[in-house]
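The following explanation is intended for a reader who meets this structure for the first time. Please keep the model in view while reading.

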Amino acid sequence: VTRTGSTGSLVEVRLRGAEANHTLVIVDGIQANDTANGQFDFSNLAAEDIERIEVIRGPQSGLYGSGAVGGVINISTKKARGPLALTVRSEFGSFNTRELGARLAGGNENGYIAMSGQIRTTDGFNISRVGPEPFSGFSRDDDGARLGSFALNAGGRIASNATIDMTLRHVNKFARR
């Protein structure tokens, strides 16, 4: 796992010594790699909805094509089960880091819906060894970031042997470099 800078910067996973664009990432059965360069930026992934992560490496990853030479990372999100429930959480930390997340989910064998949102902000810290020093009277060179994400997962039974599922994900990220 490599990160190219401060919080919010590009995060890549390399399996078996391969480049990041040789690791296929699948989220809920949908290929999530960037179509332009074949990479997946893990800094865009909020952990709010993740239920399970499976990693396939070795010869069986070849079944997924040339984009999976290094391996496959299969990410499954939480499913909506049981009565409609709302979960809200907040976190606070150093460097003025704040996170707020909410999830509304419920369903049964006939239909389900799950919505979640998360926003994380941080002022960051000065990762450079040169530049303005803290308390020097100059403006700080902090490398802050903001990540907002929204996910909607819904579906239902349309016949005794057929179901329909829908997944919508939106990520908005800003990182100072």
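The paragraphs below move from the overall build to the empty spaces, the charged pairs and some individual residues.

The model shown here is predicted. Its chain contains zero helices and eleven strands, so that the order of elements, read from the N terminus on, is β-β-β-β-β-β-β-β-β-β-β. Taken along the principal axes, the box filled by the C-alpha atoms is roughly 70 × 40 × 20 Å. The chain has 177 residues, and 34% of them count as buried.

The empty spaces may be considered next. Rolling a probe the size of a water molecule over the atoms shows where empty space is left. The largest pocket holds about 510 Å³ of space. It is lined by 27 residues, and those closest to its centre are Ala32, Phe40, Asn44, Arg169 and Val171. Which strand gives the most to this lining of the largest pocket? Strand S11 does, with five residues. At least two residues of the lining are supplied by each of strand S4 (30-31), strand S9 (111-122), strand S10 (145-159) and S11. By character, the lining of the largest pocket comprises eleven nonpolar, ten polar and six charged residues.

Besides the pocket, there is a cavity to consider. The structure holds one cavity of 30 Å³ or more, and the volume of the largest cavity is about 80 Å³. Fourteen residues line the largest cavity, and Asp49, Thr77, Ala151, Asn153 and Arg169 are the closest to its centre. Arg169 is thus named among the residues closest to the centre of the largest pocket and among those closest to the centre of the largest cavity. Strands S9, S10 and S11 each contribute at least two residues to the lining of the largest cavity. That lining divides into five nonpolar, four polar and five charged residues.

The charged pairs form the next topic. Side chains of opposite charge can pair when their charged atoms come close. In the whole structure, a search finds ten salt bridges. One of them links lysine 173 with aspartate 41, whose closest N and O atoms are 2.7 Å apart. This pair joins distant parts of the chain, since aspartate 41 lies in the loop between S4 and strand S5 (50-56) and lysine 173 lies in strand S11, 132 residues apart. Is aspartate 41 buried or exposed? Aspartate 41 counts as buried, because its relative accessibility is 16% and the cut-off for buried is under 20%. Its partner, lysine 173, counts as partly exposed at 27%. In addition, Arg89, Glu91, Glu99 and Arg120 are joined into one network by salt bridges that share partners.

A further salt bridge connects lysine 79 and aspartate 28, with 3.5 Å between the closest N and O atoms. Here too the pair links distant parts of the chain: lysine 79 is in the loop between strand S6 (71-77) and S7, aspartate 28 is in the loop between S3 and S4, and the two are 51 residues apart. Lysine 79 is partly exposed, with 35% relative accessible area. Arginine 14 and glutamate 19 also meet through their side chains in a salt bridge, at 3.7 Å from N to O. Both partners count as partly exposed, arginine 14 at 34% relative accessibility and glutamate 19 at 45%.

Aspartate 28 deserves a second look for its backbone. Its phi is near 50 degrees, a positive value in a residue other than glycine. The loop that holds aspartate 28 runs between strand S3 (23-27) and S4. Asparagine 96 likewise has a positive phi, of about 55 degrees, although it is not a glycine. Asparagine 96 sits in the loop between strand S7 (82-93) and strand S8 (97-107), and it counts as partly exposed at 40% relative accessibility.

Finally, the surface carries a nonpolar patch formed by Leu84, Ile113, Met115, Phe150 and Leu168, with about 430 Å² of accessible area together. Leucine 168 belongs to strand S11, which covers residues 162-175. This leucine 168 is partly exposed, because its relative accessible area is 42%, a value in between the limits of 20% and 50%. Strand S11 therefore appears in several parts of this account: it holds leucine 168 of the patch, and it gives five residues to the lining of the largest pocket.

Definitions and conventions: Residues are numbered from 1 along each chain as its sequence is written. Side-chain values use heavy atoms; hydrogens and water are left out. Patches are made of residues with over 30% relative accessible area and no salt bridge: like charges are joined within 9 Å, nonpolar side chains (Val, Leu, Ile, Met, Phe, Trp, Tyr) within 5 Å. Accessible areas come from the Shrake-Rupley method with a 1.4 Å probe; for residues, only the protein chains shown count as cover. A salt bridge is a side-chain nitrogen of Lys or Arg within 4 Å of a carboxyl oxygen of Asp or Glu. Helices (H or I, at least four residues) and strands (E, at least two) are DSSP runs, numbered from the N terminus. Buried means under 20% relative accessible area, exposed over 50%, partly exposed in between (1.4 Å probe, protein chains only). On a 1 Å grid over the protein atoms alone, a cavity is a set of points where a 1.4 Å probe fits but cannot get out, and a pocket is an open set with protein on both sides within 12 Å along at least five of seven lines; lining residues have an atom within 4 Å of a point. Grid points are joined across faces, edges and corners, and a volume is the space filled by probe spheres set on the points. Ala, Val, Leu, Ile, Met, Phe, Trp, Tyr, Cys and Pro count as nonpolar, Asp, Glu, Lys and Arg as charged, and the others, Gly among them, as polar.
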